[in-house]
Every structure is written in structure tokens, then in C-alpha cells.
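Here are a few exercises on how helices pack, each with a worked solution. Take a look at the model first, then work through them at your own pace.

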Amino acid sequence: ERVEPRVKTAKGEKFEDWMDKPDEFFREFGDPLAAGGGTGPRPQAGVNGNWQCSACENVNFPRRASCKQCNTARGPEALKIVQEYVRSIIEQAQ
């Protein structure tokens with residue numbers, strides 16, 4: 001089932017302003033496509049912005065800037081996955 005993102009920017013802001021700033025995007029809007037509730041399946045690396053930690057291989061949701069399991073910061077490859085996910089959210093919302 002496709003979930004429509006519910007994202008609105010403040011007056012004067014453009015969605016493009018958020019494309020390369022995923023951490024700020026998630027702080028401002030949350031993850032509008034997340035199912036929520038914690039009852040769904042475990043995240044899969046590379047799906048919906050989920051990224052795998054390079055240190056412990058735990059798969060993290062895109063809103064996490066560091067690994068939930070070992071606290072290692074999200075690396076450049078993971079950042080690219082998350083940025084692509086944020087861009088897809090913004091493109092769907094436009």
C-alpha cells in the first residue's frame with residue numbers, strides 16, 4: 001500500500017532546500033513514510049532509506065544519524081542512501 005507523505009514547508013522555504021540535509025529534514029518533518037508503532041518487519045538495508053552500519057552491520061532507520069546498536073556515525077555510503085530517500089519523499093510531495 002502506497003502512503004502519501006504529509007510534508008509542508010514553512011512559508012518561503014522550498015523543498016529543494018531539504019534535499020541534501022537529511023538530518024534536518026527528519027528533525028523538522030519526521031519520516032512521513034514510516035509505518036510507526038514498532039510492530040512491522042525489521043528494516044532492510046537499502047529499502048526506504050534504511051542503512052547498514054559499517055561497524056556492526058545493524059540495519060538502521062534513515063532518521064538515525066548513528067547506529068542504534070553501537071553508536072557509530074552514519075558513513076558516506078549510508079548518507080548517500082538516506083539522501084536519496086529524502087529526495088524521493090520530496091519528489092513525491094511536490
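**Exercise 1.** In this predicted model, find how the axes of helix 1 and helix 2 are placed relative to each other.

*Solution.* Start with the axes: they come within 9 Å and cross at roughly 50 degrees. Next, classify the angle: it is neither under 35 degrees nor in the 65 to 115 range, so it falls in the oblique class. Helix 1 and helix 2 are therefore oblique to each other. Finally, add the hand: helix 1 passes helix 2 in a left-handed crossing.

**Exercise 2.** List the residues that make this helix contact, and sort them by class.

*Solution.* From helix 1, take Pro22, Phe25 and Phe26. From helix 2, take Leu79, Val82, Gln83, Tyr85, Val86, Ile89 and Ile90. Sorting them gives nine nonpolar residues, one polar and no charged ones.

**Exercise 3.** Is Gln83 buried or exposed, and which residues beyond its sequence neighbours does Gln83 touch?

*Solution.* First place Gln83: it lies in helix 2. Its relative accessibility is 18%, so Gln83 counts as buried. Outside the four places on either side in sequence, Gln83 is in contact with Met19, Asp20 and Pro22.

**Exercise 4.** Work out which residues touch the most other members of the largest nonpolar core, and which helix gives the most to it.

*Solution.* The core has 14 residues, and Trp18, Phe25, Phe26, Trp51, Val86 and Ile90 touch the most other members. Helix 1 (22–29) and helix 2 (76–93) are the elements giving two or more residues. Helix 2 gives the most, with six.

How values were computed. Residues are numbered from 1 along each chain as its sequence is written. This is a predicted model: local features need pLDDT of at least 70, side-chain atom pairs count only at pLDDT 80 or more; totals for chains, interfaces and linings use all residues. Side-chain values use heavy atoms; hydrogens and water are left out. A nonpolar core is a set of buried Ala, Val, Leu, Ile, Met, Phe, Trp, Tyr and Cys residues joined through side-chain atoms within 4.5 Å. Buried means under 20% relative accessible area, exposed over 50%, partly exposed in between (1.4 Å probe, protein chains only). Helices (H or I, at least four residues) and strands (E, at least two) are DSSP runs, numbered from the N terminus. Axes are lines fitted to C-alpha atoms, for helices over the stretch in contact, and angles run from 0 to 180 degrees between N-to-C directions. Angles under 35 degrees count as roughly parallel, over 145 as roughly antiparallel, 65 to 115 as roughly perpendicular and the rest as oblique. A crossing is left-handed if the near helix is turned anticlockwise from the far one by less than a right angle, and right-handed if clockwise. Contact means heavy atoms within 4.5 Å. Ala, Val, Leu, Ile, Met, Phe, Trp, Tyr, Cys and Pro count as nonpolar, Asp, Glu, Lys and Arg as charged, and the others, Gly among them, as polar.
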